[in-house]
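Me: I'm new to this one and would like to look around it with you. Could you show it to me, and then we can go through it step by step?

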Amino acid sequence: MASLDSVLDKDGVRLTVEDAVATVTLTNAAKRNAQSPALWRALTEAGRSLPGSVRVVVLRGEGKSFSAGLDRQAFSPEGFDGEPSFLDLARGSVEDLDAVIAEYQEAFTWWRRSDLVTIAAVQGHAIGAGFQLALACDLRVVAEDVQFAMRETSLGLVPDLTGTHPLTSLVGYARALEICATGRFVHAAEAERTGLANLVVPGDELDGAVSDLAGALLAAPRDAVIETKALLQGASSRTYEDQRVAERAAQARRLRDLAGLGD
């Protein structure tokens with residue numbers, strides 16, 4: 001087995017790789033892994049830094065909370081050192097603001113890459129941007145003390161870090177609207193019942209459960225997992241008949257590969 005190699009460690013994000021499993025860790029436990037533009041850029045860099053051998057990526061947060069959401073310093077007049085405050089950004093053009101938000105979103109998009117399966121290991125608070133980061137992953141394993149909440153609306157904002165699509169896909173429009181509009185907490189039992197969580201475990205078993213899941217995901221051949229993920233990702237936007245066609249095409253590719261015929 002290869003040694004655990006640190007690929008990136010900056011701005012509250014650490015990326016380590018061991019064989020086919022990469023771990024992205026939020027490391028600012030003192031601030032409950034509150035998020036900032038610098039952290040988002042580091043997350044984007046982590047995605048771009050993954051070796052081609054990686055098949056599973058685990059996302060976790062150090063300390064008692066996965067992520068308490070956006071660092072409120074972003075809304076202060078001074079903002080972060082070397083960064084424009086959100087208030088300054090709001091005074092710019094709509095086009096410039098759109099471009100900045102699109103850049104922030106890149107930290108949340110690569111987790112759905114077809115060649116990876118991503119797992120969020122979530123304990124304690126996952127609020128706002130923290131909730132959306134957990135939703136960015138394919139799968140979520142949560143501790144019994146987990147508290148999800150989408151608080152943007154209560155601040156006069158909207159969830160804009162790609163979380164609305166997976167949330168609605170998982171729990172349906174009505175429940176997603178209620179969760180976002182009220183900002184209430186979603187605890188472990190409800191998260192598991194509604195599909196937000198794949199598995200709920202005691203806090204001291206979280207790392208072990210995630211490790212077991214990663215091992216199970218690695219047991220199947222990589223190309224078969226990639227094809228299956230692509231089929232499932234596109235299923236909601238296809239008709240039943242189109243999905244049948246997609247299944248046949250994917251299976252034909254797999255059979256030809258197994259027969260050594262390639263494309």
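Me: Which exposed residues sit on the face of α10 turned away from its buried side?
Reply: Happy to help, and do keep in mind that this is a predicted model. Exposed here means over 50% relative accessible area. On α10, the face turned away from the buried side carries two such names, R248 and L255.

Me: And which residues of α10 are buried?
Reply: For this we need residues under 20% relative accessible area. Helix α10 covers residues 240-258. Its buried residues are Q243, A246, A250 and R254.

Me: Within what arc do the buried residues of α10 fall, seen down its axis?
Reply: Picture yourself looking along the helix. The buried residues of α10 line one face of the helix, because seen down the axis they fall within an arc of 70°.

Me: How far does α10 reach from its first C-alpha to its last?
Reply: Helix α10 has 19 residues, and at 1.5 Å a residue the expected reach is 27 Å. The model comes close to that, with a reach of 27 Å.

Me: Which residue with a positive phi follows α10?
Reply: Let's step just past the end of the helix. The phi there is positive, near 75°, and the residue that follows α10 is G260.

Me: Which helix is included in what covers the buried residues of α10?
Reply: Cover here is a matter of contact, with heavy atoms within 4.5 Å. For the buried residues of α10, what covers them includes α9.

Me: Which helix gives the most to the lining of the largest cavity?
Reply: There is one cavity of 30 Å³ or more, and the largest cavity has a volume of about 60 Å³. Its lining includes R222, V225 and I226. The helix that gives the most, with three residues, spans 222-235 and is α9.

Me: How many residues in the lining of the largest cavity are nonpolar?
Reply: Among the lining residues are R55, V56, D115 and L116. Sorted by class, the lining has three charged residues, no polar ones, and a nonpolar count of six.

Me: Do the buried residues of α5 line one face of the helix or not, and within what arc?
Reply: In α5, residues 164-171, the buried ones are P166, L167 and V171. They line one face of the helix, because seen down the axis they fall within an arc of 105°.

Me: Which helices are included in what covers the buried residues of α5?
Reply: The face of α5 turned away from the buried side carries the exposed H165 and S169. On the buried residues, the cover includes α4, α6 and α7.

How values were computed
Residues are numbered from 1 along each chain as its sequence is written. This is a predicted model: local features need pLDDT of at least 70, side-chain atom pairs count only at pLDDT 80 or more; totals for chains, interfaces and linings use all residues. Side-chain values use heavy atoms; hydrogens and water are left out. On a 1 Å grid over the protein atoms alone, a cavity is a set of points where a 1.4 Å probe fits but cannot get out, and a pocket is an open set with protein on both sides within 12 Å along at least five of seven lines; lining residues have an atom within 4 Å of a point. Grid points are joined across faces, edges and corners, and a volume is the space filled by probe spheres set on the points. Helices (H or I, at least four residues) and strands (E, at least two) are DSSP runs, numbered from the N terminus. Ala, Val, Leu, Ile, Met, Phe, Trp, Tyr, Cys and Pro count as nonpolar, Asp, Glu, Lys and Arg as charged, and the others, Gly among them, as polar. The expected span of a helix is 1.5 Å times one less than its number of residues. Buried means under 20% relative accessible area, exposed over 50%, partly exposed in between (1.4 Å probe, protein chains only). The arc is that of the directions from the helix axis to the C-beta atoms.
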